[in-house]
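Hi,

Here is the structure I said I would pass on. Have a look at it first, and then read on for what turned up when I went through it.

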Amino acid sequence: MTRGYRWDRNPLRRRTDRLESALLVAAVLLVLASVWPAVLAGRAVYETGMAETRVGPGGRQQVTATLLQDAPPPRAAFGEASPQLPRAQARWTGPDGAARTGDVPAPGLARSGTAVRIWIDAEGRPATAPKKPVEIGFRGAGMAVFTVLASVLLAVIGFTAGRWVLDRRRYRSWDAAWAVADKRGHGRRRG
């Protein structure tokens, strides 16, 4: 396969063949050039994810909330990856020291007065638990792989479209050459 894309001074190699070789080199260079932007995109996703999971003052923190009502029974969920915990009214202290109330996830059938651990944001509102660093790392790596695959797809589409155009040009050239050869051949007598 690479034999057809070599750079040489073969007099039988047409201009369209050389253009096709140049298209292939451009496609490979596009894919190679996409590696660094892919690394930067993956790193940006990773750093954004890590910033969102910041724990401590000014970020998420875990506090103890006291249920103000009994929690409903958990919902039976077959086929769900992780069933949601039922929600119940609870009271907790926010980062500013003020008492807050609201619906929080609670173990099924927990009684009023039960202490549950919840995550809150910087304003004291209930928040989701921070993501694990491994999950954030996988998201960053996934973005890097996606970026490279997108550039590979663009390179393949570009090369295929360019080759299609060059093939059409070759076919027209061959038709014209056969028409000239056909005219030359009819002028001679056979037999």
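One definition before anything else: a helix here is a DSSP run of H or I with at least four residues, and helices are numbered from the N terminus. You'll want that for the salt bridges further down. Also keep in mind that this is a predicted model.

**Overall picture**

The protein has three helices and five strands. Reading from the N terminus, the order is α-α-β-β-β-β-β-α. Of its 191 residues, 23% count as buried. The accessible surface is about 13,900 Å², and carbon and sulfur atoms own 62% of that. As for contacts with a separation of 6 or more, 62% of them are between residues 24 or more positions apart.

**The salt bridges around R170**

There are eleven salt bridges in the structure, and the ones I'd look at first involve R170. R170 pairs with D167, with the closest N and O atoms 2.4 Å apart. Both sit in helix α3, three residues apart, so about one helical turn separates them. In general, an α-helix has 3.6 residues a turn, so residues three or four places apart point the same way.

R170 also forms a salt bridge with D17, where the closest N and O atoms are 3.3 Å apart. Here R170 is in α3 (residues 133-186) while D17 belongs to α1, so this pair ties together parts that are 153 residues apart in sequence.

Buried or exposed, what are R170 and D17? Both are buried; for R170 the relative accessible area is 7%, and the cut-off for buried is under 20%. R170 and D167 are also part of something wider: salt bridges that share partners join R14, D17, E20, R163, D167 and R170 into one network.

For a contrasting pair, try D96 and R100, whose side chains meet in a salt bridge at 3.0 Å, N to O. D96 is exposed, at 55% relative accessible area, and R100 is partly exposed, at 24%.

**Helices α1 and α2**

α1 has 19 residues and spans 27 Å from its first C-alpha to its last, close to the 27 Å expected at 1.5 Å a residue. Its buried residues are T16, D17, E20, S21 and A27. Those cover an arc of only 150 degrees around the axis, which puts them on the same side of α1. D17 and E20 are the two you've already met in the salt-bridge network. Turned away from the buried side, the other face of α1 carries the exposed residues R15, L29, L32 and A33.

That exposed face links to a surface feature. V25, V28, L29 and L32 make up a nonpolar patch on the surface, with about 350 Å² of accessible area together. L32 is in α1, which runs over residues 15-33, and L32 is exposed, with a relative accessible area of 57%.

α2 (residues 35-52) has 18 residues and reaches 26 Å from first C-alpha to last, close to the expected 26 Å at 1.5 Å a residue. A38, G42 and G49 are buried in α2. Looking down the axis of α2, the buried residues fall within an arc of 30 degrees, so they line one face of the helix. On the face of α2 turned away from them are the exposed residues W36, R43 and A51.

**Two spots among the strands**

V104 belongs to strand β3 (residues 99-105). V104 is buried, at 0% relative accessibility. What does V104 contact, leaving aside neighbours within four places in sequence? The list is L67, P86, R87, A88, A90, W92, V116, I118 and P126. V104 and L85 are 19 residues apart in sequence, and their C-alpha atoms are 9.1 Å apart in space.

The other spot is L109, in the loop between β3 and β4 (115-120). L109 has a positive phi of about 65 degrees although it is not a glycine. Most residues other than glycine have a negative phi. L109 is also exposed, with a relative accessible area of 57%.

Cheers

Technical notes:
Residues are numbered from 1 along each chain as its sequence is written. This is a predicted model: local features need pLDDT of at least 70, side-chain atom pairs count only at pLDDT 80 or more; totals for chains, interfaces and linings use all residues. Side-chain values use heavy atoms; hydrogens and water are left out. Patches are made of residues with over 30% relative accessible area and no salt bridge: like charges are joined within 9 Å, nonpolar side chains (Val, Leu, Ile, Met, Phe, Trp, Tyr) within 5 Å. Accessible areas come from the Shrake-Rupley method with a 1.4 Å probe; for residues, only the protein chains shown count as cover. A salt bridge is a side-chain nitrogen of Lys or Arg within 4 Å of a carboxyl oxygen of Asp or Glu. Helices (H or I, at least four residues) and strands (E, at least two) are DSSP runs, numbered from the N terminus. Buried means under 20% relative accessible area, exposed over 50%, partly exposed in between (1.4 Å probe, protein chains only). Contact means heavy atoms within 4.5 Å. The expected span of a helix is 1.5 Å times one less than its number of residues. The arc is that of the directions from the helix axis to the C-beta atoms.
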